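Subject: Structure for your review

Dear colleague,

Please find below the structure that I am handing over to you. My account of what was found in it follows directly after.

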Amino acid sequence: MKGIREAVADSFGLPKDVMMNMPKLSIGGNREVYIENYKGILEYTADEIRLSTTIGIVRICGKNLNIDRIRLNDIFISGYFRAVEYEL
């Protein structure tokens, strides 16, 4: 069953990531990722970054990972990515 926010988003044709505060990932090849609507950083090393979101954990694995820009609702990460995963 859909929640109220999801039903409103569907009815008005609005993006669910905006209405439901869901994370939105924009990935540029295997070198950069921009994530909107994250909640916090759980782990940060050169080989792994784990971020908390409203739908679980986003895990980024690779080499030379770096947080290039961090703001209240978005984060930009660069490096060489092997995997981008959701942990529920």
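The protein has two helices and six strands, and along the sequence these elements follow the pattern α-α-β-β-β-β-β-β. Please note that this is a predicted model. Of its 88 residues, 33% count as buried. The accessible surface comes to about 5700 Å², and 53% of that surface belongs to carbon and sulfur atoms. Among contacts between residues at least 6 apart in sequence, 40% join residues at least 24 apart.

The sheet

The six strands form an open sheet in the order β1-β2-β6-β5-β4-β3, with antiparallel pairing. Its edge strands are β1 (24–28) and β3, each of which pairs on one side only. On average, and with direction ignored, neighbouring strands of this sheet are turned by 45° against each other.

At one edge, β1 is joined to strand β2 (residues 32–36) by five bridges, and the two run antiparallel. Ser26 stands opposite Tyr34 in this pairing. The two strands form a hairpin with three residues between them, and Gly29 in the turn has a positive phi of about 60°. On its way into the sheet, β2 is also joined by five bridges to strand β6 (residues 74–87), again in the antiparallel sense. Here Tyr34 stands opposite Phe76 in β6. Tyr34 of β2 therefore belongs to a strand that pairs with both β1 and β6, given that two strands count as paired if DSSP finds at least two bridges between them.

At the other edge, β3 and β4 pair in the antiparallel sense over five bridges. Within this pairing, the bridge partner of Gly40 is Ser52 in β4.

A buried position in β4

Which residues does Leu51 touch, apart from its neighbours within four places in sequence? Leu51 is found in strand β4 (residues 48–53), and it is buried because its relative accessible area is 0%. Its contacts beyond the sequence neighbours are Ile35, Tyr38, Gly40, Ile41, Leu42, Gly56, Ile57, Val58, Ile75 and Ile77. A further relation concerns Tyr86, which is 35 residues away from Leu51 along the chain; the C-alpha atoms of the two are separated by 9.6 Å.

A nonpolar patch on the surface

Ile41, Tyr44 and Ile70 make a nonpolar surface patch of about 270 Å². Of these, Tyr44 lies in strand β3 (residues 38–44). Tyr44 counts as partly exposed because its relative accessibility is 42%, a value between the limits of 20% and 50% that bound this class. Ile41 has a part in both descriptions: it belongs to the patch, and it is among the residues in contact with Leu51.

Salt bridges

How many salt bridges does a search of the whole structure find? The search finds six, and three of these pairs may be described individually.

The side chains of Arg59 and Glu85 meet in a salt bridge, at 2.8 Å from N to O. Arg59 lies in strand β5 (residues 56–70) and Glu85 in strand β6, so the pair ties together parts that are 26 residues apart in sequence. Both partners are partly exposed: Arg59 has a relative accessibility of 22%, and Glu85 has one of 33%.

The side chains of Arg50 and Glu43 likewise meet in a salt bridge, here at 3.7 Å from N to O. Glu43 is partly exposed, with a relative accessible area of 28%.

Asp74 forms a salt bridge with Arg71, and the closest N and O atoms are 2.8 Å apart. Is Asp74 buried or partly exposed? Asp74 counts as buried because its relative accessibility is 9%, which is under the 20% limit. Its partner Arg71 is partly exposed, with a relative accessible area of 45%.

Salt bridges that share partners join Glu43, Glu48, Arg50, Arg59, Glu85 and Glu87 into one network. Two of the pairs described above, Arg50 with Glu43 and Arg59 with Glu85, have their residues in this network.

Yours sincerely

Terms used
Residues numbered from 1 in each chain as written. Predicted model: local features only at pLDDT ≥ 70, side-chain atom pairs only at ≥ 80, totals over all residues. Heavy atoms only, no water. Patch = residues over 30% accessible without salt bridge, like charges linked within 9 Å, V, L, I, M, F, W, Y side chains within 5 Å. Areas by Shrake-Rupley, 256 points an atom, 1.4 Å probe, with all protein chains shown as cover. Salt bridge = Lys/Arg side-chain N within 4 Å of Asp/Glu carboxyl O. Helix = DSSP H or I, 4+ residues; strand = E, 2+ residues; numbered from the N terminus. Buried < 20%, exposed > 50% of the residue type's maximum accessible area, 1.4 Å probe, protein only. Contact = heavy atoms within 4.5 Å. Axes fitted to C-alpha atoms, helices over the stretch in contact; angles between N-to-C directions.
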